[in-house]
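Q: I'm new to this one and would like to learn how to read it. Could you walk me through it, feature by feature?

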Amino acid sequence: MSFINKVKEIYHYRHMLFTLVKQDLQGRYKGSVFGFLWTLLNPLFMLLIYSVVFQFVFKSGIEHYSIYLFVSLMPWNAFNSMIGGGTTCASNNASILKKVYFPREVLPLSVIISNTIQYCFSLVITIIAILISGIGLSFNALLLPLIILIQVTFAFGLILMLSAANVYVRDVQYMMNPIMMIWMYASPILYNIAMVPEKFLSIYKLNPMVSILQGYQAILYHKTLPDFTSLGITFAISIALCVIGWLVFNKLQKRFAEEV
Amino acid sequence: MAKKNNNEKDIAISVQNVTKEFTVYEDKSYFLKEKLGHLGRNKKRKHVVLNDVSVDILRGQSVALIGVNGCGKSTLLKLLNKIIYPQKGTIKINGKVSSMIELGAGFNTDFTGRENIYFNASMYGLGKKDVDPIIDKIIEFSELGDFIESPVRTYSSGMYMRLAFSIAVNVQADILLIDEILAVGDAHFQKKCLDKMKELKAQGKTMVFVSHNASQIKSFCDRALWIKKGEIVMDGTTDDVLDAYTKEQG
């Protein structure tokens with residue numbers, strides 16, 4: 001099926017997509033008293049803990065370290081749950097894959113959308129924290145949607161491949177745990193890029209999450225413009241990844257109902 | 001093929017030279033270690049379920065697929081519904097498909113019956129605006145009454161099937177694929193289902209049935225296909241095909 005027809009078909013199934021997103025957002029906190037408020041409470045508690053721990057217990061060389069951490073960790077957590085939820089989105093829906101027809105791309109798309117919505121809520125807390133800390137906001141923060149878009153595109157490309165591969169070989173989902181952990185330490189989250197030895201820097205920067213996280217740090221923490229060149233390269237890589245991901249997904253999804 | 005020279009737009013379902021084979025694993029492995037372990041050892045074999053099948057089904061026709069268990073009827077139905085894909089050949093479908101292959105698939109049991117109507121209908125491409133005008137009809141047909149506001153996990157299997165059937169017949173599809181499901185609920189509800197199916201047939205919907213119930217097939221279908229070991233061995237009026245089939249079965 002051509003790409004245009006696929007887009008049309010997904011549009012036709014948009015109600016299913018929205019319902020899946022709604023179910024994910026509602027279902028996540030179903031039965032809890034605070035419900036969706038937990039989306040805000042979780043990052044809030046995280047911020048409180050970091051502020052206390054890094055103010056009084058550990059001293060780091062980075063100014064406003066808890067804010068630095070927060071600005072970097074929030075996007076990472078969102079990325080982490082996109083990859084985690086995305087990898088298993090097809091294999092966990094065996095019952096509907098076996099019984100109902102719908103464009104299978106709806107499943108990874110719903111993971112991306114619901115996680116992006118959650119992430120945007122946690123960003124509200126981030127921005128409030130930045131204001132309270134006295135760092136303040138600059139107009140550069142208006143570039144936030146652009147960087148979110150790049151991050152989401154990157155994650156979507158990966159999820160297309162990972163979700164399809166996981167239907168065939170379940171090792172993928174378990175392999176992702178250590179990979180995500182290594183990836184986290186290979187990205188400037190707990191430390192800043194100045195601490196990376198010069199000779200490793202060129203290899204270090206091959207990680208697309210480096211330019212994305214530096215983008216967030218630039219606009220929210222340093223209040224400067226981000227490095228548009230590296231963000232542009234990352235965006236191009238992300239789009240290429242989506243194209244390859246879609247080709248892989250499209251090929252593998254034909255046997256989902258048999259393999260899952 | 002009895003019918004040739006049909007106008008392209010009169011054809012609801014066109015199946016051309018479709019071959020479907022399943023890989024049968026002696027021991028289905030999900031994990032890489034097992035997959036690697038199985039390399040070299042010939043633990044899988046190919047099983048041809050449908051072999052070079054071609055058939056055209058016209059708009060408004062009701063067609064029964066008959067044959068013994070494992071002959072490929074349900075596989076053909078799943079292929080028509082695009083749940084699985086053929087290795088060879090093409091399948092063209094003109095119109096919206098409502099599948100009653102597995103009723104209630106995709107119900108989220110933590111959500112209420114009403115919420116699940118919206119979700120299930122969304123799998124047929126219907127939005128809230130499309131469902132709102134028909135939701136009362138669906139609820140009334142299901143005879144669930146106040147239970148519609150309870151989570152689906154509290155339903156009995158009969159209630160579950162009634163809700164699923166009510167949605168599937170009310171989504172305004174052009175083509176209905178039905179796999180042995182007219183055994184829904186009690187005698188009263190079964191009769192209601194049959195009446196509803198007749199009503200849909202009268203409206204000119206295309207239907208493909210898989211059933212072992214000869215009397216149901218006779219009362220519904222104007223055409224029957226006898227599938228034997230993955231091939232269509234007979235295609236004709238329901239009475240003729242059923243007679244030949246029962247004769248062979250003894």
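Q: Let's start with confidence. Where in chain A is confidence lowest, and where is it highest?
A: Keep in mind that this is a predicted model, so look at the pLDDT, the predictor's confidence in each residue. In chain A, the low end is helix H3 (residues 38-57), with a mean of 81. The high end is helix H7 (residues 144-168) of chain A, at 97.

Q: And what does chain A average overall?
A: Its average pLDDT is 91, and 100% of the residues score at least 70.

Q: Sticking with H7(A), how do I describe its packing with helix H6 of chain A?
A: The general idea is that two packed helices are described by the angle between their axes and the distance between the axes. Here, H6(A), which covers residues 106-133, packs with H7(A) at an angle of about 145°. Their axes are 10 Å apart, and the crossing is right-handed.

Q: Which residues make that contact?
A: From H6(A) you have Leu107(A), Pro108(A), Val111(A), Ile112(A) and Thr116(A). H7(A) brings in Val152(A), Ala155(A), Phe156(A), Ile159(A), Leu160(A) and Ser163(A). Sort the residues of this contact by type and you get nine nonpolar, two polar and no charged.

Q: Now for the two chains. How many residues of chain B are in contact with chain A?
A: In general, the size of an interface is often given as the accessible area lost when the parts come together. Another way in is to count residues in contact: 24 of chain B touch 21 of chain A.

Q: Which elements of chain B give two or more residues to that side?
A: Look for helix H1 (32-38) and helix H3 (113-122) of chain B. H3(B) gives the most, with three residues. By type, the side of chain B that touches chain A has 13 nonpolar, seven polar and four charged residues.

Q: How is chain B divided into domains?
A: Domain 1 of chain B takes in 8-34, 47-95 and 211-249, while domain 2 is 100-210. Taken over C-alpha atoms, the centres of these two domains of chain B are separated by 24 Å.

Q: How many residues of domain 1 of chain B are in contact with domain 2 of chain B, and which elements supply them?
A: The contact involves 23 residues of domain 1 and 15 of domain 2. On the domain 1 side, strand S1 (11-25), strand S3 (62-66), helix H2 (73-80) and helix H8 (214-220) of chain B each supply at least two residues. H2(B) has the largest share, five residues. That side divides into twelve nonpolar, eight polar and three charged residues.

Methods:
Residues numbered from 1 in each chain as written. Chains lettered and ligands numbered in written order. Predicted model: local features only at pLDDT ≥ 70, side-chain atom pairs only at ≥ 80, totals over all residues. pLDDT = per-residue confidence, 0-100. Helix = DSSP H or I, 4+ residues; strand = E, 2+ residues; numbered from the N terminus. Contact = placed C-beta atoms within 7 Å. Nonpolar A, V, L, I, M, F, W, Y, C, P; charged D, E, K, R; others polar. Axes fitted to C-alpha atoms, helices over the stretch in contact; angles between N-to-C directions. Left-handed = near helix turned anticlockwise from the far one by under 90°. Domains from an automatic or database assignment.
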